[in-house]
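Work through the exercises below with the model open. Try each task before reading its solution.

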Amino acid sequence: MEKRGKSFDSLMRHIRNSHNIEIRGSEDKKKLVNIGYYHGYKGYKFNKDVAHPFIGIHNFEQIVAIANFDQQMKTIFYPITMKFETIIKNLIVNYSVLGIDPSFDNVYRQKLTFYRSQRGRRRTKSINKRLRLKKDFDSEIAYAYASNNIVIKHYIEENKSVPLWALFEVISLGNVGNYVACLNREDKEKVADFLNLYNSQYDENVKILEQSIFLIKDLRNAVAHNHIIFDCRFRKA
């Protein structure tokens with residue numbers, strides 16, 4: 001039998017009859033429209049680890065309460081994640097270019113040298129990561145140029161190397177994390193020290209910095225795209 005999309009009235013009947021969750025009337029219908037059936041009702045009905053409803057949910061108002069709580073969390077976290085992104089980018093650029101030519105080509109040669117401290121397979125893995133970063137950054141520059149980014153366009157058309165600060169205006173937070181993974185240990189330590197993150201006794205290679213960036217990146221993207229965050233299902237790092 002061919003499946004067909006359901007109206008909100010039909011979805012409410014389906015929720016009552018198939019899921020044994022009380023939902024009825026115009027007010028509940030408005031709330032279902034506001035949160036959505038798939039994104040909201042089904043999304044909040046399941047947790048991130050198991051494929052069955054939360055224990056004790058019998059009323060649609062309970063799901064609406066979870067959705068409202070999640071929305072309030074996103075309202076709180078959005079400005080915090082934006083501020084973190086700005087601060088971390090500024091610090092990384094500052095310590096990366098201090099006292100040297102700030103072009104990315106030069107920084108790539110002089111500062112993205114973490115691989116030199118590695119041996120064996122770790123060294124090979126680190127070199128591959130550095131090469132992928134160069135490819136990704138070139139792609140980011142090409143995309144910014146094609147999108148008529150004024151700053152990037154100026155440097156490309158003047159046949160100049162794009163400075164690191166300009167590049168950091170267009171790259172994703174994920175690529176900031178990839179950059180830090182390739183950055184020399186000394187500069188990683190300076191940034192982490194500034195943020196009171198670093199403890200040499202437990203973190204010789206200053207992994208906490210890139211790990212923090214990737215974790216915040218996942219949260220930032222979930223908040224920005226209105227994904228569910230209350231149970232940390234956004235976490236990939």
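The exercises cover salt bridges, a helix crossing, a loop residue and a surface patch.

This is a predicted model, in which local features need pLDDT of at least 70, side-chain atom pairs count only at pLDDT 80 or more, and totals for chains, interfaces and linings use all residues. Residues are numbered from 1 along each chain as its sequence is written, and side-chain values use heavy atoms, with hydrogens and water left out.

**Exercise 1.** Find the salt bridge partner of Lys31 and place both residues.

Solution. Start with the rule: a salt bridge is a side-chain nitrogen of Lys or Arg within 4 Å of a carboxyl oxygen of Asp or Glu. Lys31 pairs with Glu61, with the closest N and O atoms 2.6 Å apart. Next, locate them. Lys31 is in helix α2 (residues 25–35) and Glu61 is in helix α4, so the pair ties together parts 30 residues apart in sequence. Helices here are DSSP runs (H or I, at least four residues), numbered from the N terminus. Now check exposure: buried means under 20% relative accessible area, exposed over 50%, partly exposed in between (1.4 Å probe, protein chains only). Lys31 has 25% relative accessibility, so it counts as partly exposed. Glu61, at 35%, is also partly exposed.

**Exercise 2.** Is Glu210, a salt bridge partner of Lys207, buried or exposed?

Solution. The closest N and O atoms of Glu210 and Lys207 are 3.3 Å apart. Both residues lie in helix α11, three residues apart, about one turn of the helix. Glu210 has a relative accessible area of 5%, so it is buried. Lys207 is partly exposed at 35%.

**Exercise 3.** Describe how α4 and α10 cross.

Solution. Take the axes, which are lines fitted to C-alpha atoms over the stretch in contact; angles run from 0 to 180 degrees between N-to-C directions. The axes of α4 (residues 60–97) and α10 (residues 185–194) come within 9 Å and cross at roughly 140°. Classify the angle: under 35 degrees is roughly parallel, over 145 roughly antiparallel, 65 to 115 roughly perpendicular, and the rest oblique. The two helices are therefore oblique to each other.

**Exercise 4.** Where does Asn199 lie?

Solution. Asn199 sits in the loop between α10 and α11 (207–224). Its relative accessible area is 36%, so Asn199 is partly exposed. The C-alpha atoms of Asn199 and Glu189 are 9.3 Å apart, and the two residues are ten apart along the chain.

**Exercise 5.** Which helix holds Ile150?

Solution. Ile150 belongs to helix α7 (residues 150–157). Its relative accessibility is 72%, so Ile150 counts as exposed.
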